[in-house]
Amino acid sequence: MWKYSDKVMDHYRNPRNVGKIDDADVIGEAGSLTCGDSLKLYLKIKDGVVTDAKFQTFGCGSAVASSSILTEMVIGKPIEEVRKITNADIAKELDGLPPEKMHCSVMGHEALEDALKKYYDEEIEFDVSDNKTSRVVCTCFNVTEDVIKEAIEVNGLTTLEDITNYTKAGGACGRCKGDIQKLIDKYAKKNEPKLSPAQLILKINKVIENVIAPELQKDGGDIELVDISENKVYVKLQGRCSSCKNSVLTLKSFVETTLRDKVSNDIEVIQV
Amino acid sequence: MVIYLDNNATTKVDEKVFDEMLPYLKDEYANPSSMYEFSVKSSNAIADAREQMRDFFGAKSEREVIFTSCGSESANMAIRGAVAHNKSKKHIVTTKVEHPCVLNTYKSLEKQGYKVDYVGVNSNGELDMDELREKITDDTALVSVMWANNETGVIFPVREIGEIIKSKNPNTLFFVDAVQGAGKVDISVEDTQIDMMGVSGHKFHAPKGIGALYVKSSVILPPLITGGHQERGYRAGTENVPYIVGMGKAAALAKEGLKYEGTEVKRLRDKLETGILKATYNSRLNSSISNRVPNTTNIGFEYIEGELILLHLSDLGICASSGSACTSGSLEPSHVLRAMGTPFTSLHGSIRFSLSRFTTENEIDYVLEKLPKVIEDITRISPYQEELEHLRKSRAKCNGGVCNKGNCNNGKCCESD
């Protein structure tokens with residue numbers, strides 16, 4: 001049995017806003033009968049605000065819960081805010097979903113995105129998804145590169161298993177797994193989140209003190225951090241290092257490499 | 001309250017089985033191989049259980065019974081042993097609807113260079129006998145089929161299959177996975193061409209963790225687990241005395257209960273099945289009507305999804321299972337129902353109810369009282385309201401509103417009426 005949060009259980013037991021809106025302004029659709037889950041999201045939009053939302057879902061408990069909570073999340077909200085809702089927001093609002101069920105939150109978001117695209121196509125020109133490619137990567141579940149890219153970026157996915165849990169891609173015949181791996185390599189963030197200037201200074205200082213200086217001290221040298229300006233780190237080599245003719249080598253091959261490896265790969269070390 | 005209708009997944013341990021086991025979990029703990037008086041009771045208990053299993057299998061000799069840890073081990077030992085026995089042959093025939101423990105064993109043999117043919121089934125879940133006949137060649141080391149399918153309960157004609165195999169190639173070995181037949185129908189190997197047959201104790205009211213394999217005396221299998229001399233060298237490891245005793249007792253009780261299974265359990269199953277098909281317009285039977293074990297029914301609910309049905313049933317204390325992708329963890333719906341060509345409209349909403357001799361009439365009545373509302377509520381959420389309305393109208397014209405598929409072509413017959 002899946003471990004569902006109380007909120008998920010509440011929403012599949014008592015789904016909110018079930019049904020259709022006969023005079024809906026837009027209807028967003030996602031999934032298919034063949035794939036095992038599908039969703040129709042009906043939106044009523046007035047003066048740029050979602051005034052009503054209803055849904056019809058074919059799917060499991062978490063698919064119904066994702067759809068149900070999504071309607072609650074959008075009702076009364078201006079379109080500009082609704083646009084920013086991601087699948088991660090839907091999952092968060094449900095107090096989380098089991099990893100294997102994250103694709104249900106993705107389906108909810110896809111239906112919302114589909115609805116907004118239709119809305120903007122009618123209302124104003126907007127680039128919600130105009131510039132997207134729609135290459136199908138997984139033919140079993142009809143999953144496009146866009147969907148995979150977005151799942152990677154929004155949820156910080158890094159493995160094949162993640163992609164399957166979130167989008168279903170690769171979950172059937174598995175022939176697209178190589179393709180998916182390429183997309184992971186292409187879109188997944190390999191670096192940690194960008195550090196603030198203060199965090200950067202602290203981290204650089206720490207690496208110099210704890211890693212670099214002790215190594216140089218072994219050879220009778222030392223290093224002093226003079227200044228940091230964006231990606232440029234100004235240092236002064238001391239002791240035996242200062243007179244060593246290989247100091248440039250030390251600087252580039254050891255100090256800079258270590259800092260690039262431990263802190264950020266765009267660091268440049270300059271001797272003052 | 002638990003209404004347990006998932007007896008093809010596992011069964012409750014019979015009190016009588018438990019009582020029989022208890023002494024061997026407490027005072028009679030001797031290793032049956034030891035050389036003192038204290039161990040005699042343990043070794044006698046195993047001998048008695050072996051005799052009970054021999055009788056259950058309809059085997060000629062108790063030497064044809066090997067105790068294993070489960071159905072999967074029985075299948076692995078038989079399959080891997082059979083190909084080792086028929087070393088020069090590199091071909092295997094099985095079916096598309098076998099249990100994963102069998103299918104995945106074949107997948108691993110394919111990687112070792114074996115060619116495996118998977119014979120298909122029709123929309124009733126019945127085996128394509130012509131295809132089976134065609135596939136057997138001089139190079140066929142092994143044919144393996146299940147006695148009854150775990151998802152649909154459909155019985156394969158193992159006697160006839162055995163005759164076909166031996167008439168085409170007398171050297172081909174025949175393995176039957178009888179895990180889902182045991183305790184539901186007579187699984188005697190007498191007068192059949194079965195060479196090996198596996199069962200699992202927990203499917204017929206023994207505990208989990210014990211199984212058995214019938215191996216015809218003329219077939220020599222290498223052990224899967226090497227070590228001591230237990231099971232005459234066929235399966236090393238100190239005998240699991242209490243569980244072996246328990247399974248022996250469970251087998252004896254199962255044999256006694258076969259008549260009850262075929263009459264009373266069948267009556268309750270039929271009552272449940274007909275009741276559901278009548279009370280819900282968007283349901284259809286996913287198998288043949290007649291050729292089934294008496295405890296199983298597999299019903300597809302169209303345009304709704306199985307996990308959601310199970311979750312709602314669970315809230316009512318009702319335990320069943322589903323061929324839906326969402327419950328399997330694999331994202332793909334049941335390989336059995338797909339092999340049968342079950343339409344996508346009902347594939348994801350397929351629910352299996354499996355009864356046992358402990359199922360009561362009250363329980364069935366309770367399910368029949370509660371289930372229609374569950375289905376109605378879930379159907380109301382479905383995005384396929386137009387299709388459902390069309391289905392409701394066409395089903396109303398057809399067979400009293402019941403699609404029992406006896407004369408139904410994948411649910412299409414109702415629409416053409």
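Here are a few notes to help you find your way around this predicted model.

1. Let's start with chain A as a whole. Its secondary structure comes to 11 helices and eight strands. The radius of gyration is 26 Å, well over the 19 Å that the globule rule gives for 272 residues, so chain A is more spread out than a compact globule. Along the principal axes, the C-alpha atoms of chain A fill a box of roughly 85 × 45 × 35 Å.

2. Burial and contacts add to that picture. In chain A, 38% of the 272 residues count as buried. Among contacts in chain A with a separation of 6 or more, 53% join residues 24 or more positions apart.

3. Now zoom in on helix H2 of chain A, residues 61–74. This helix has 14 residues and spans 20 Å from its first C-alpha to its last, close to the 20 Å expected. H2(A) is mostly covered, with 12 of its 14 residues buried; among them are A:Gly61, A:Ala65, A:Ile69, A:Leu70 and A:Val74. Just after the helix, look for A:Gly76, which takes a positive phi of about 85 degrees.

4. Chain B offers an open sheet of four strands, in the order S9-S10-S13-S12, with antiparallel pairing. Strands S9 (283–285) and S12 (321–322) of chain B stand at the edges with a single partner strand each, so one side of each has no neighbour in the sheet.

5. At one of those edges, S12(B) pairs with S13 (residues 350–354) of chain B over two antiparallel bridges. Here B:Ser321 stands opposite B:Arg352 in S13(B). Helix H7 of chain B (residues 241–279) packs on the sheet, touching S9, S10 and S13 of chain B, and its direction makes about 10 degrees with that of S10(B).

Definitions and conventions:
Residues are numbered from 1 along each chain as its sequence is written. Chains are lettered from A and ligands numbered from 1 in the order in which they are written. This is a predicted model: local features need pLDDT of at least 70, side-chain atom pairs count only at pLDDT 80 or more; totals for chains, interfaces and linings use all residues. The expected span of a helix is 1.5 Å times one less than its number of residues. A residue is buried if 20 or more other C-beta atoms lie within 10 Å of its own, exposed if 12 or fewer, and partly exposed in between; C-beta atoms are placed from the backbone. Two strands pair if DSSP finds at least two bridges between them. Two residues are in contact if their C-beta atoms, placed from the backbone, lie within 7 Å. Axes are lines fitted to C-alpha atoms, for helices over the stretch in contact, and angles run from 0 to 180 degrees between N-to-C directions. The radius of gyration is taken over C-alpha atoms; the globule rule is 2.2 Å times the number of residues to the power 0.38.
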